[in-house]
Amino acid sequence: METTEDILRTPAKELPACPVETTLTLISDKWKVLILRDLLPGTKRFGELKKSIGHVTQKVLTAQLRQMEDSGLVIRTVYPEVPPHVEYTLTELGYSLKPILDAMWNWGEEYQTKNK
């Protein structure tokens with residue numbers, strides 16, 4: 001398993017100069033943030049993710065998970081069974097986004113309280 005340091009040492013694919021923009025490049029899609037939220041407690045199968053996220057199509061969820069895997073945020077594990085058993089887990093880099101999601105959660109709660 002790659003560590004955050006290993007991934008960060010890998011040459012970037014022309015990342016933006018701004019660190020905020022770099023972060024948004026990795027997690028800007030609505031579904032990616034929800035995938036992160038749902039994988040923070042632990043490993044999930046594809047069907048569990050689809051169910052917990054809600055109205056995402058299988059095609060979109062698959063594409064988002066592949067992008068997150070390519071970015072080093074998620075590990076995809078395939079078990080050679082019939083039917084195929086696939087699990088997704090956050091990498092160390094993926095877990096490092098927890099403080100950002102926590103801040104988003106807190107901000108959202110505060111906003112909801114003020115705007116009820």
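## The loop between S2 and S3

Proline 83 sits in the loop that links S2 and S3 in order along the chain, between these two strands. In this predicted model, the peptide bond leading from valine 82 into proline 83 is cis, and its omega is near -5°.

The strands on either side of this loop, S2 and S3 (residues 85–90), run antiparallel and are joined by 6 bridges. Across this pairing, arginine 76 stands opposite tyrosine 88 of S3.

## The sheet

S2 and S3 belong to an open sheet of 3 strands, in the order S1-S3-S2, and the pairing is antiparallel. Strand S1 (44–45) and strand S2 (74–79) are the edge strands, each pairing on one side only.

Helix H3 (residues 30–39) lies across S1, S2 and S3. Relative to S3, H3 runs at about 90°.

## Helices H3 and H4

Two packed helices are described by the angle between their axes and the distance between the axes. The axes of H3 and helix H4 (residues 46–53) come within 10 Å and cross at roughly 115°. Angles of 65 to 115 degrees count as roughly perpendicular, and H3 and H4 are therefore placed in that class. The crossing of H3 past H4 is right-handed.

On the H3 side, the contact is made by Trp31, Leu34, Ile35, Arg37, Asp38 and Leu39. H4 contributes Leu49, Ser52 and Ile53. Sorted by class, the residues of this contact are 6 nonpolar, 1 polar and 2 charged.

Conventions: Residues numbered from 1 in each chain as written. Predicted model: local features only at pLDDT ≥ 70, side-chain atom pairs only at ≥ 80, totals over all residues. Heavy atoms only, no water. Pairing = 2+ DSSP bridges. Helix = DSSP H or I, 4+ residues; strand = E, 2+ residues; numbered from the N terminus. Contact = heavy atoms within 4.5 Å. Axes fitted to C-alpha atoms, helices over the stretch in contact; angles between N-to-C directions. Parallel < 35°, antiparallel > 145°, perpendicular 65-115°, else oblique. Left-handed = near helix turned anticlockwise from the far one by under 90°. Nonpolar A, V, L, I, M, F, W, Y, C, P; charged D, E, K, R; others polar.
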